[in-house]
Amino acid sequence: MESKHFLFVSADAALITDLAWQVHREGHDVKYYIEAESDQEIGDGFVPKTDDWRAEVEWADVIIFDDIWVGSDIGTGALAKELREDGKAVVGGTPNTDHLEEDRGYAMEILEEHGVNTVEHHIFDDFDAGIQHVQENPAPYVIKPLGEVQNVKRLLYVGNDDDGSDVVDVLRAYKKAWGHRMKGFQLQRKVEGVEVAICGFFNGNEFIDQVNFNFEHKKLFPGNIGPQTGEMGTSMFWAGQNKLFKETFGKIEDWLANEGYVGSIDLNCIVNENGIYPLEFTPRFGYPTIALQEESIESSTGEFFYDLAHGNDPELEVHNGYQIGVRVVLPPFPFDDEKTYDENSRNAAVVFQTESREGIHLEDAKKVDGQWRSAGDNGMPIVVTGKGDTMQRARERAYERVDDVVIPNLYYRDDIGERWIDGDGDRLLAWGYLGPEGE
């Protein structure tokens, strides 16, 4: 494929640096725009930048958005739709697909309208009404905040008590501490099983054949302990359009086509012997999922996204095995504490004990005079990946590479992928979700 012009647009937190770097390394012309002033140094020394993405629209053969919103008013879905109507090839959503992530109630309505099984859920804008519901319908629930605080990860609470008493206690505490900002929340019945995310790539008309199945590790500490983070690591594999796909995305394919959605879309689910229960959408790239997907794509990444954006049927070759991604972080991640970050992590040198950079992916990093350094103020400099014929081999490869990284004060989870080895894979196979039908 001859060199193409790729414009990467980051509306907020410079999330798509690694994909821009990968496409740039493949020989394509890249320009990268970052809106947030505190993050504009991210990617320096790795990727060419622009400070006015709109001025580059006519130059671009493909425009790729990294998230679902710009500023406080205009969603990137609206921008992507407008650009497509002007004849541009865009990887991004629509106003309605943005809404899937912003409004969990709306997301469940779309699934139910298309015959997808969902978990019992209720939306509340009053804490007392939610408390009353739990008391009248005792069961374990998950609290999911809505609105402006829905991305405050520590507010998501997974109940443990069979009578819901812990959920009642948490709602009472939230009413006092967050009542002024937490204007609504969803109570979702807790379902036991294997948590798995189904990720498809949509070209505006249909899903490509290869489907990505990934397993998130959101808690800070090994053993799934500690505060919620955006993500500490992911394990994954690729398969065909099997039962997991057909019972979920297969049923809303026409809706996405009517929307004209283009890009990655992910549906996190709980699966057990009784069924598939979708939890929430990610109608955009996942992070660090996209870095791990890049690790496993063995054909041209740039050509894949060019074809996807132009409505073609991309020829995607992927690793036929398993992949592991480990997020390497610095204090005070996942919390915001400027003093701690300035003293321990700002501009921290990222040192490698080998010459190889295989499996090393950018998050909040820059390069100054040839030296990799942390950038921005989030404390997530790199993601380290590995792949193998088995999940165990993928783990070994990833952590061998982590051992080659030296950053003062770094930390990471050392158990990414263990859940699969400890039985999640066997359970999915025994329940009939994987196997000859579409493995």
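1. After helix α1 comes G27, a residue with a positive phi near 100 degrees. The model is a predicted one, in which local features need pLDDT of at least 70 and side-chain atom pairs count only at pLDDT 80 or more, whereas totals for chains, interfaces and linings use all residues. Residues are numbered from 1 along each chain as its sequence is written, and side-chain values use heavy atoms, with hydrogens and water left out. Helices (H or I, at least four residues) and strands (E, at least two) are DSSP runs numbered from the N terminus.

2. Helix α1 itself is mostly covered, with seven of its nine residues buried, where buried means under 20% relative accessible area, exposed over 50%, and partly exposed in between, for a 1.4 Å probe and protein chains only. The buried residues of α1 are T17, D18, L19, A20, W21, Q22 and V23. They pack against β1, β2 (29-34), α9 (289-296), α10, β18 (360-362) and β20 (371-374), a contact being heavy atoms within 4.5 Å.

3. One of these partners deserves a separate point. The axes of α1 (residues 17-25) and α10 (residues 301-309) come within 8 Å and cross at roughly 110 degrees, which makes α1 roughly perpendicular to α10. Axes here are lines fitted to C-alpha atoms, for helices over the stretch in contact, and angles run from 0 to 180 degrees between N-to-C directions; angles under 35 degrees count as roughly parallel, over 145 as roughly antiparallel, 65 to 115 as roughly perpendicular and the rest as oblique. L19, Q22 and V23 of α1 meet T301, G302 and F305 of α10.

4. A second helix pair is formed by α3 (residues 95-102) and α8 (residues 249-259), whose axes come within 9 Å and cross at roughly 125 degrees, and the two are therefore oblique to each other. In this contact N96, T97 and L100 of α3 meet W255, L256 and E259 of α8. By class, its residues divide into three nonpolar, two polar and one charged, with Ala, Val, Leu, Ile, Met, Phe, Trp, Tyr, Cys and Pro counted as nonpolar, Asp, Glu, Lys and Arg as charged, and the others, Gly among them, as polar.

5. Strand β3 (residues 62-65) points V62 and I64 one way and I63 and F65 the other, and all are buried. β3 pairs in the parallel sense with β1 (residues 5-10) over four bridges, and F65 in β3 is the bridge partner of V9. β3 also pairs in the parallel sense with β6 (residues 90-91), over two bridges, where V91 in β6 is the bridge partner of I64. Pairing requires that DSSP finds at least two bridges between the strands.

6. Further along the chain, an open sheet of four strands has the order β7-β10-β8-β9, with antiparallel pairing; its edge strands, β7 (121-124) and β9 (157-158), each pair on one side only. Strands β8 (residues 141-145) and β10 (residues 185-189) pair over five bridges, with V142 opposite Q188 in β10. Helix α5 (residues 127-136) lies across β7, β8 and β10 and runs at about 10 degrees to β10.

7. As for the whole protein, there are 13 helices and 22 strands, and buried residues make up 57% of the 439 residues. Among contacts with a separation of 6 or more, 69% join residues 24 or more positions apart. The C-alpha atoms fill a box of roughly 60 × 50 × 45 Å, taken along the principal axes.
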